[in-house]
Amino acid sequence: MYKLNDVPELFKRLALIVAPAGYGKSSLLGQWAAGVAEKGIRYGWLTLEQGEADEKQFLAYIVLVLARAGVKLDELVTGARDGFADAATNAVLAKLVRSLNDEEGQIVLILEDYHSAECDAVNAIVKRLIRDTLSQFTIFIDSRRQPNIDAFSLIASGDAIEIDAQQLRLTKAETLLALRDVTDDNSGLEIYDQTEGWPVAVQLARVQRRNAPDE
């Protein structure tokens, strides 16, 4: 299973996790956030929900989470509280980019469950943030599907990394370790073969064995 003890992705523009539900995407984001916090780096975490694919509301959420993280966005916060109802999206985005580029030090924006809000307008905002901000600004994204944000071009140029479902699977050793208090190694290997290292399936097997150890 992919693990991150350090945060080399901070030198990238984008860190992308793409996998179905149950593969530990949020757990990995949490590891990244912990690594960021340990380094004293400012970060904003935005969890997206179904029905939030409105470009102005999306921008407002970004402004508010970054402001709470300590980024100086005073001029934008007032408008964000109203969802930028009376502002032009391009003007707000341009001001946000300038504000981010005026900041000193690394800044991270975490977008959890990106698939919930993905649409052309939201993708355009993310692409512009990646394209127009300076290298100290990094976006972490998790999504159940590949977002349409030119990730392949960024990966090819060395400006992004992608973690997929295969990299998030548990290894045999990790599966045995997760099951060691509820079963022996032989049964653990059978569970690994049945689940193919899918983290949620391994966890369900662990709960089942703990509740019914003789079955």
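Modeller: Welcome! One definition first: a residue is buried under 20% relative accessible area, exposed over 50%, and partly exposed in between. Please keep in mind that this is a predicted model.

Colleague: Thanks! Is Asp-132 buried, exposed or partly exposed?

Modeller: Asp-132 has a relative accessibility of 28%. Buried would need a value under 20%, and exposed one over 50%. Asp-132 therefore counts as partly exposed.

Colleague: And which residue does the side chain of Asp-132 meet in a salt bridge?

Modeller: Salt bridges that share partners join Arg-128, Arg-131 and Asp-132 into one network. One of these residues, at 60% relative accessibility, counts as exposed. The salt bridge, at 2.7 Å from N to O, joins the side chain of Asp-132 to that of Arg-131.

Colleague: Let's turn to helix H5. How far does H5 reach from its first C-alpha to its last?

Modeller: H5 covers residues 120–132, which makes 13 residues. At 1.5 Å a residue, a span of 18 Å is expected, and the model comes close to that. From first C-alpha to last, H5 reaches 18 Å.

Colleague: Within what arc do the buried residues of H5 fall, seen down its axis?

Modeller: The buried residues are Val-122, Asn-123, Ile-125, Val-126, Leu-129 and Ile-130. On the face turned away from them are the exposed residues Asp-120 and Arg-131. The buried ones line one face of the helix, because down the axis they fall within an arc of 160 degrees.

Colleague: Which helices are included in what covers those buried residues?

Modeller: The cover includes strands as well as helices, among the strands S1 (14–18), S3 (107–112) and S4 (137–143). The helices included are H2 (55–68), H4 (89–102) and H6 (151–156).

Colleague: Which element gives the largest share of the largest nonpolar core?

Modeller: In soluble globular proteins, nonpolar side chains tend to be buried together. Here the largest nonpolar core has 40 residues, and Phe-58, Leu-96 and Leu-129 are among those with the most contacts inside it. Elements that give two or more residues to this core include H3 (74–81), H4 and H5. The largest share, seven residues, comes from H2.

Colleague: Which residue of H5 does Leu-96 touch?

Modeller: Leaving out residues up to four places away in sequence, Leu-96 touches Leu-59, Ile-62, Val-63, Leu-73, Leu-76 and Leu-129. H5 runs over residues 120–132. The one of these that falls in H5 is Leu-129.

Colleague: Now for a charged residue. Is Glu-103 buried or exposed?

Modeller: Glu-103 is found in the loop between H4 and S3. Its contacts beyond four places in sequence are with Arg-42, Val-71, Lys-72 and Gln-136, and a polar atom of its side chain lies 3.3 Å from the backbone nitrogen of Lys-72. Its relative accessible area is 11%, so Glu-103 is buried.

Colleague: How many residues apart in sequence are the parts that Glu-103 and Arg-42 tie together?

Modeller: The side chains of Glu-103 and Arg-42 meet in a salt bridge of 2.5 Å, N to O. Arg-42 sits in strand S2 (residues 42–47) and Glu-103 in a loop, so the pair ties together parts whose separation in sequence is 61 residues.

Colleague: One last pair: which residue forms a salt bridge with Arg-145?

Modeller: Arg-145 lies in the loop between S4 and H6, and its partner in the loop between S3 and H5, 27 residues apart. Arg-145 counts as partly exposed at 43% relative accessibility, while the partner counts as buried at 17%. With the closest N and O atoms 3.4 Å apart, that partner is Glu-118.

Methods: Residues are numbered from 1 along each chain as its sequence is written. This is a predicted model: local features need pLDDT of at least 70, side-chain atom pairs count only at pLDDT 80 or more; totals for chains, interfaces and linings use all residues. Side-chain values use heavy atoms; hydrogens and water are left out. Helices (H or I, at least four residues) and strands (E, at least two) are DSSP runs, numbered from the N terminus. The expected span of a helix is 1.5 Å times one less than its number of residues. Buried means under 20% relative accessible area, exposed over 50%, partly exposed in between (1.4 Å probe, protein chains only). The arc is that of the directions from the helix axis to the C-beta atoms. Contact means heavy atoms within 4.5 Å. A nonpolar core is a set of buried Ala, Val, Leu, Ile, Met, Phe, Trp, Tyr and Cys residues joined through side-chain atoms within 4.5 Å. A polar contact is a pair of N or O atoms within 3.5 Å; within protein, one must be able to donate a hydrogen and the other to accept it, and residues adjacent in sequence count only if both atoms are side-chain atoms. A salt bridge is a side-chain nitrogen of Lys or Arg within 4 Å of a carboxyl oxygen of Asp or Glu.
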